[in-house]
Amino acid sequence: MKPPHRPFESAQFEFRFSLTQGHFVVAPDLSVNARSIALFGPSGSGKTSILEAIAGLRTPQRGHIAVNGRVLFDRAAHTDVPVRDRHIGYVPQDVLLFPHLDVRRNVTYAAPRRPHADLDALASLLDLSGLLDRRVASLSGGERQRVALARALHSGPDVLLLDEPLAAVDLARRRRILDALLAIRDDLGVPIVYVTHSPDEARAVADVALVLEEGKVVAAGVPNDVLP
Amino acid sequence: MSAEILDIALFTSVAALAATAVMLVPGVALAWLLARRRFPGKAVVETLVSLPLVMPPVATGLLLLWLLGRRGPIGRLLETAGIEIVFTPAAVVIAMAIMGLPLLVRTARAGFEQVTRRYEQIAETLGARPWRVFTTVTLPLASRNILAGALLGFTRALGEFGATIVVAGSIPGRTRTLAVGIYSFTETGQDEQAAALLAISIALAFGAVLVANRLARVD
């Protein structure tokens with residue numbers, strides 16, 4: 001949880017793989033330097049599949065995945081780092097908080113013995129201090145999102161994978177969560193891969209946007225140049 | 001109520017509890033295997049586990065008698081170790097466990113099948129090793145069904161008759177259970193004792209159903 005010694009400049013992402021999904025193949029083939037990447041495109045264009053491949057929840061048929069020089073998957077070299085060793089903070093679209101644990105135990109799941117100060121810092125960053133003893137079932141959509149984000153961050157991830165994290169959040173809260181995300185990225189040095197179908201969110205979060213259509217990256221670049 | 005009757009009630013309850021404890025770990029493991037794994041011979045295992053549910057209990061008892069008897073494949077092994085099972089309280093517990101197991105496995109299996117795999121995947125992304133995923137996510141999320149299955153197995157054990165009488169007999173003060181006792185007392189015209197056991201059976205069943213319904217309600 002300590003800030004890095006130098007300001008966070010960028011991380012290198014290498015996504016060169018192919019993964020069959022339904023009637024098409026998700027096949028990104030690029031290397032990008034960015035603090036955060038937006039995966040932008042309509043539903044079913046393969047955004048979530050890319051996140052799941054990075055997380056290790058789906059296995060590509062071929063190719064190579066690396067984040068910041070760390071190879072997570074390489075078919076040719078028979079490298080397939082187990083999900084639990086990938087050090088990724090994954091927040092799926094349906095959030096999936098553990099329903100049988102309260103907020104505190106959800107957030108601290110990855111590292112129950114980490115110092116309380118870390119939890120307190122996260123809780124205040126994400127506005128969760130009043131929610132820690134609540135049951136998950138009693139939370140609103142936006143609260144769930146923030147708890148899921150805190151849970152992913154508490155593991156001290158090397159990269160954050162966020163799937164439509166603001167879909168269930170009301171407009172008033174969106175700005176605050178986006179600001180918190182950018183603070184996390186820059187203060188903690190955690191790069192972000194951000195799935196969205198909102199051009200505004202992509203612009204707000206990402207230095208690089210990848211536009212996907214039917215599994216192919218049809219445009220990549222600065223959000224203002226490539227997004228509608 | 002005589003001491004004999006109370007002894008029978010106590011013995012039956014303790015034996016049924018012991019049977020539940022005995023079936024719990026293998027039952028939950030089997031339920032998880034059947035819900036989550038593919039392996040050669042799965043259909044055979046599935047069928048074997050459910051067999052006591054559809055076979056006449058007396059037939060299951062006879063099978064156990066052959067297996068555990070002195071000349072049976074398991075009984076012979078145990079005898080060389082100086083252990084005798086048939087017509088002992090241990091036989092009661094085994095008969096009860098075998099008869100209760102299918103109910104536990106089927107109910108717990110449904111519980112495991114209802115646990116969304118994705119909760120387990122999230123736990124993995126958070127660095128949890130398989131055993132931790134199982135104990136902190138899978139098991140708690142399936143726990144309602146496991147408890148319900150254990151209770152079903154326990155109530156089945158409480159009422160077990162057919163297998164018990166074949167493999168453990170009806171030895172007063174040793175292997176006589178509620179169900180077997182009701183039969184024996186009725187056979188020998190001891191209607192008062194039979195009626196007392198009947199009353200206890202009703203009370204135990206009532207309590208078990210009450211707890212089961214409570215389990216189903218609690219959130």
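Two strands pair if DSSP finds at least two bridges between them. That idea opens this report on a predicted model.

**A strand in the middle of chain A**

Take strand β9 of chain A, residues 159-163. Four bridges join strand β8 (residues 88-91) of chain A to β9(A), and the two run parallel. Within this pairing, Val91(A) has Leu162(A) as its bridge partner. Strand β10 of chain A (residues 192-196) is also joined to β9(A) by four bridges, again parallel. Here Leu161(A) stands opposite Val193(A).

Is β9(A) mostly covered or mostly open? It is mostly covered, with five of its five residues buried. In a regular strand, side chains alternate between the two faces of the sheet. In β9(A), Val159(A), Leu161(A) and Asp163(A) point one way. Leu160(A) and Leu162(A) point the other way. All of these residues are buried.

**Nonpolar cores**

In soluble globular proteins, nonpolar side chains tend to be buried together. The largest nonpolar core in this model has 70 residues. Those with the most contacts inside it are Ile37(A), Leu39(A), Ile54(A), Leu161(A) and Tyr194(A). Helix α4 (residues 141-154) of chain A gives the largest share of this core, six residues. Apart from it lies another core of 55 residues, among them Ala16(B), Val105(B), Phe154(B) and Ala163(B).

What does Leu39(A) touch, leaving out residues up to four places away in sequence? Its contacts include Lys47(A), Ile50(A), Val193(A), Tyr194(A) and Leu212(A).

**Two positive phi values**

Two loop residues of chain A have a positive phi, though neither is a glycine.

| Residue | Phi | Loop in chain A | C-beta neighbours inside 10 Å |
|---|---|---|---|
| Val95(A) | near 65° | between β8 and α2 (103-107) | 21 |
| Asp127(A) | about 65° | between α3 (116-125) and α4 | 16 |

Val95(A) counts as buried because it has 21 such neighbours, and the cut-off for buried is 20 or more. Asp127(A) has 16, so it counts as partly exposed.

**Chain B and the contact**

Helix α1 of chain B covers residues 3-36. At 1.5 Å a residue, its 34 residues should span 50 Å. The end C-alpha atoms are 48 Å apart, which agrees. There is a kink of about 40° at Leu24(B) in α1(B), shortly before the proline Pro26(B).

The contact between the chains takes 12 residues from chain A and 14 residues from chain B. On the side of chain A that touches chain B, nine residues are nonpolar, two are polar and one is charged.

Note on methods
Residues numbered from 1 in each chain as written. Chains lettered and ligands numbered in written order. Predicted model: local features only at pLDDT ≥ 70, side-chain atom pairs only at ≥ 80, totals over all residues. Expected span 1.5 Å × (residues − 1). Bend = angle between axes of the 7 residues up to and from the residue. Core = buried A, V, L, I, M, F, W, Y, C linked by C-beta atoms within 7 Å. Buried ≥ 20, exposed ≤ 12 C-beta atoms within 10 Å, placed from the backbone. Contact = placed C-beta atoms within 7 Å. Nonpolar A, V, L, I, M, F, W, Y, C, P; charged D, E, K, R; others polar.
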